[in-house]
Amino acid sequence: MTHHPGPSAPTVLLAEDDRPIRSALERALTLEGYAVTAVADGVEAIAAAHRSRPDVLVLDVMMPGIDGLQVCRVLRAEGDRTPILMLTALVETPDRIAGLDAGADDYVVKPFDVEEVFARLRALLRRTTPRPAEDRDDSQVTAADLRIDPAARRAWRGTRELELTRTEFDLLELLARNSGIVLDHATIYDRIWGYDFGPGSKNLAVYVGYLRRKVDEPEGEPLIHTVRGVGYVLREG
């Protein structure tokens, strides 16, 4: 039986050059209730993104011609803030970092569990859906010389504004709201992704490392500290 998503279904633009993976993911996403446009390369992805703004993009990093990182850079340079999930077969941290540096909001490493893809997409879409006013805390958050404006989704370290992806912003806000409190891995995964990716996941460590590069000054006082075997805490000193 063919599943046809309803008119209010979230729209996904999927760009993946590997036909079996593209077909399997398109089918799984459609069955999950998404309205999917699937393309095979970066040129098609940019054209499709311009034609009809999707709710979320899923981009393979390695595609012929224009790869996923270039697609991401082009859209971000145009001011497009659509959430982007990268699919990468590259397991080295620098390659994942490159995806985040291009402006991606999250990534999944191949071979992936489709349930993990669903969880990441739900988290990205949840963060782009405005919450009811009564559920929101839009008050400014300050910790040390860090200042966060949740309503505008902007953050500053001293006078320097931080250029953060959606996931980085949410992680920094969570740590700052709990300044001085050690948050364990499971709590952070649950609050940011709504899903604990298990003890083998390097996802959180990658994001914390990347956030440190953006937040901390080379010679300054680091704000985000690792509590080995437990989690992370934001505090001075």
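How are helices α6 and α7 oriented to each other, roughly parallel or oblique? To find out, open this predicted model and select helix α6, residues 166-177, together with helix α7, residues 185-192. The two helices pack at an angle of about 130°, with their axes 10 Å apart, and since angles over 145 degrees would be needed for roughly antiparallel, α6 and α7 are therefore oblique to each other. If you turn the view to look through one helix at the other, you are looking at a right-handed crossing of α6 and α7. Now show the side chains where they meet: α6 contributes Thr 167, Asp 170, Leu 171 and Leu 174, while α7 contributes Ile 188, Arg 191 and Ile 192. Sorted by class, this contact of α6 with α7 holds 4 nonpolar residues, 1 polar residue and 2 charged residues.

**The whole chain**

Clear the selection and display the complete chain of 237 residues, of which 46% count as buried. As you follow the cartoon from one end to the other, you will pass 8 helices and 12 strands. Among the contacts with a separation of 6 or more, 61% are between residues 24 or more positions apart.

**The nonpolar cores**

In soluble globular proteins, nonpolar side chains tend to be buried together. Here the largest nonpolar core has 50 residues, and a good way into it is to select Leu 59, Leu 171, Leu 172 and Leu 234, which have the most contacts inside it. Next add helix α8, residues 203-215, which gives the most to this core, with 7 residues. Then centre the view on Leu 172 and leave aside residues up to four places away in sequence: its partners include Leu 146, Ile 148, Ala 155, Leu 162 and Leu 164, and also Leu 211, Val 215, Ile 224 and Leu 234. A second, separate core has 16 residues, and you can locate it by selecting Leu 25, Tyr 34, Leu 85 and Phe 118, which are among its members.

**Helices α1 and α5**

Keep Leu 25 and Phe 118 in view, because both also take part in the meeting of two helices, where Leu 25, Ala 28 and Leu 29 of α1 touch Val 114, Val 117, Phe 118 and Leu 121 of α5. The residues of this contact of α1 with α5 divide into 7 nonpolar, no polar and no charged. Select the two helices in full, α1 as residues 19-31 and α5 as residues 114-128, and you will see them pack at an angle of about 55°, with their axes 11 Å apart. Helices α1 and α5 are therefore oblique to each other, and α1 passes α5 in a right-handed crossing.

**Helices α2 and α3**

Which arrangement do α2 and α3 have, roughly parallel or oblique? Select α2, residues 42-51, and α3, residues 68-77, which pack at an angle of about 30° with their axes 9 Å apart. Because angles under 35 degrees count as roughly parallel, α2 and α3 are roughly parallel to each other. Look between them for Gly 42, Ala 45, Ile 46, Ala 49 and His 50 of α2, which meet Val 71, Val 74 and Leu 75 of α3. By class, this contact of α2 with α3 has 6 nonpolar, 2 polar and no charged residues.

**A last stop at Thr 11**

Finally, select Thr 11 in strand β1, residues 11-15. At 28% relative accessibility, Thr 11 counts as partly exposed. Add Val 36, which is 25 residues away from Thr 11 in sequence, although their C-alpha atoms are 5.9 Å apart in space. Leaving out residues up to four places away in sequence, Thr 11 touches Ala 35, Arg 53, Pro 54, Asp 55 and Val 56.

Definitions and conventions: Residues are numbered from 1 along each chain as its sequence is written. This is a predicted model: local features need pLDDT of at least 70, side-chain atom pairs count only at pLDDT 80 or more; totals for chains, interfaces and linings use all residues. Side-chain values use heavy atoms; hydrogens and water are left out. A nonpolar core is a set of buried Ala, Val, Leu, Ile, Met, Phe, Trp, Tyr and Cys residues joined through side-chain atoms within 4.5 Å. Buried means under 20% relative accessible area, exposed over 50%, partly exposed in between (1.4 Å probe, protein chains only). Helices (H or I, at least four residues) and strands (E, at least two) are DSSP runs, numbered from the N terminus. Contact means heavy atoms within 4.5 Å. Axes are lines fitted to C-alpha atoms, for helices over the stretch in contact, and angles run from 0 to 180 degrees between N-to-C directions. Angles under 35 degrees count as roughly parallel, over 145 as roughly antiparallel, 65 to 115 as roughly perpendicular and the rest as oblique. A crossing is left-handed if the near helix is turned anticlockwise from the far one by less than a right angle, and right-handed if clockwise. Ala, Val, Leu, Ile, Met, Phe, Trp, Tyr, Cys and Pro count as nonpolar, Asp, Glu, Lys and Arg as charged, and the others, Gly among them, as polar.
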